[in-house]
Amino acid sequence: YLTMTHEASGRTFSFDAAGAIACWMRESAHKGSGGVRVTTASLPSWKKVADEQDLAMGASDYDWTFSTDYSGTTGTESPLSPTTEVEGAPAQWGVHTGSGLDMALLRRRDIPILHFVDLTLYEDDLGDNGESVVRLRMRVMPSCFLLLLRHALRVDGVLIRQHDTRVFHKFGSPHVLRDRRLGEALNRAPPPHL
């Protein structure tokens with residue numbers, strides 16, 4: 001997990017596997033599988049095993065792709081009594097009308113990266129039907145930090161989805177910027193090899 005604390009205000013930003021899974025569980029309970037289906041292999045013996053497993057497990061509709069729009073949690077803490085605003089709730093953010101992430105600063109190769117974090121919060125191979133990964137990357141430079149939280153989903157022959165949350169702060173600025181993006185495309189099965 002990663003927790004960042006602004007010492008002057010006690011404001012915290014936290015990113016952890018438990019928060020990401022809790023967000024997935026809330027969404028899965030509310031939306032179910034979202035209509036994402038994977039067909040059973042064509043061999044009759046495999047179809048029979050899959051049907052037996054479905055009967056044994058019950059016909060519950062849940063998001064088996066572990067999709068999440070988790071973007072971290074915020075809270076406040078003091079030396080006397082640590083508290084969290086809403087456990088597992090998304091951060092509360094205002095609308096920023098300024099210039100956004102300073103991409104020119106982030107692209108500069110002459111500014112050293114002082115600290116780098118690459119952390120997988122969770123990963124699953126979806127029963128050999130693709131991959132679902134939530135990964136956190138952060139870099140700290142002398143003038144700023146950038147955090148990227150990415151949920152990358154690939155369901156073979158069905159879809160590809162990527163949900164990114166970027167958190168950027170330029171030191172000396174009173175603002176922390178967050179940019180969230182979602183991209184999705186169909187993932188057609190490749191043609192059979194001849």
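Colleague: Why is F171 called partly exposed?

Modeller: F171 has a relative accessible area of 40%, and the name follows from the cut-offs, because buried means under 20% relative accessible area, exposed means over 50%, and partly exposed is what lies in between (with a 1.4 Å probe and protein chains only). The value of 40% falls between those two limits, so F171 is partly exposed.

Colleague: Before we go on, what kind of model is this?

Modeller: It is a predicted model, in which local features need pLDDT of at least 70 and side-chain atom pairs count only at pLDDT 80 or more, while totals for chains, interfaces and linings use all residues. Residues are numbered from 1 along each chain as its sequence is written, and side-chain values use heavy atoms, with hydrogens and water left out.

Colleague: What makes F145 buried?

Modeller: The relative accessible area of F145 is 10%, which is under the limit for buried residues, so F145 belongs to that class. Over the whole chain of 194 residues, buried residues make up 34%.

Colleague: How many aromatic pairs does the rule give?

Modeller: The count comes to two, where rings of Phe, Tyr and Trp (its six-membered ring) pair if their centres lie within 6.5 Å, and where planes under 30 degrees apart count as stacked, over 60 as edge-to-face and the rest as tilted.

Colleague: Why is the pair of W24 and F66 called tilted?

Modeller: The ring centres of W24 and F66 are 4.9 Å apart, and the angle between their planes is 45°. The distance is within the limit for a pair, and the angle is neither under 30 nor over 60 degrees, so the pair is tilted. W24 lies in helix α1 (residues 17-31) and F66 in the loop between α2 (44-57) and β3, so the pair ties together parts that are 42 residues apart in sequence. W24 itself is buried, with a relative accessible area of 12%.

Colleague: Which residues form the other pair?

Modeller: F145 and F171 do, with 6.4 Å from centre to centre and 45° between the planes, which again makes a tilted pair. F145 is in strand β6 and F171 in the loop between β7 and β8, 26 residues apart.

Colleague: How many helices and strands are there in the chain?

Modeller: The chain has three helices and eight strands, where helices (H or I, at least four residues) and strands (E, at least two) are DSSP runs, numbered from the N terminus. Along the sequence they follow the pattern β-β-α-α-β-α-β-β-β-β-β.

Colleague: How do you know that β6 and β7 pair?

Modeller: Two strands pair if DSSP finds at least two bridges between them. Strand β6 (residues 144-155) and strand β7 (residues 159-170) have 12 bridges in the antiparallel sense, so they qualify as a pair. Within this pairing, L147 stands opposite V167 in β7. The hairpin of β6 and β7 has three residues between the strands, and G157 takes a positive phi near 75° there. Strand β7 is also joined to strand β8 (residues 177-186) by 10 bridges, and these two run antiparallel.

Colleague: Why do β1 and β3 stand at the edges?

Modeller: They belong to an open sheet of three strands in the order β1-β2-β3, with antiparallel pairing. β1 (2-6) and β3 (73-76) each have a single partner strand, so one side of each is left without a neighbour in the sheet. β1 pairs with strand β2 (residues 11-15) over five bridges, and T5 stands opposite T12 in β2.

Colleague: What makes D118 and R135 a salt bridge?

Modeller: A salt bridge is a side-chain nitrogen of Lys or Arg within 4 Å of a carboxyl oxygen of Asp or Glu. The side chains of D118 and R135 meet at 2.5 Å, N to O, so the pair meets that limit. D118 lies in strand β4 (residues 115-124) and R135 in strand β5 (residues 130-141), so the pair ties together parts that are 17 residues apart in sequence. D118 also meets R137 in a salt bridge, at 4.0 Å, and D118, R135 and R137 are thereby linked in a network of salt bridges.

Colleague: How many salt bridges does a search of the whole structure find?

Modeller: The search finds nine, including one between D102 and K170, whose closest N and O atoms are 3.3 Å apart. D102, in the loop between β3 and α3 (103-107), and K170, in strand β7, are 68 residues apart. D102 is partly exposed at 23%, and K170 is partly exposed at 39%.
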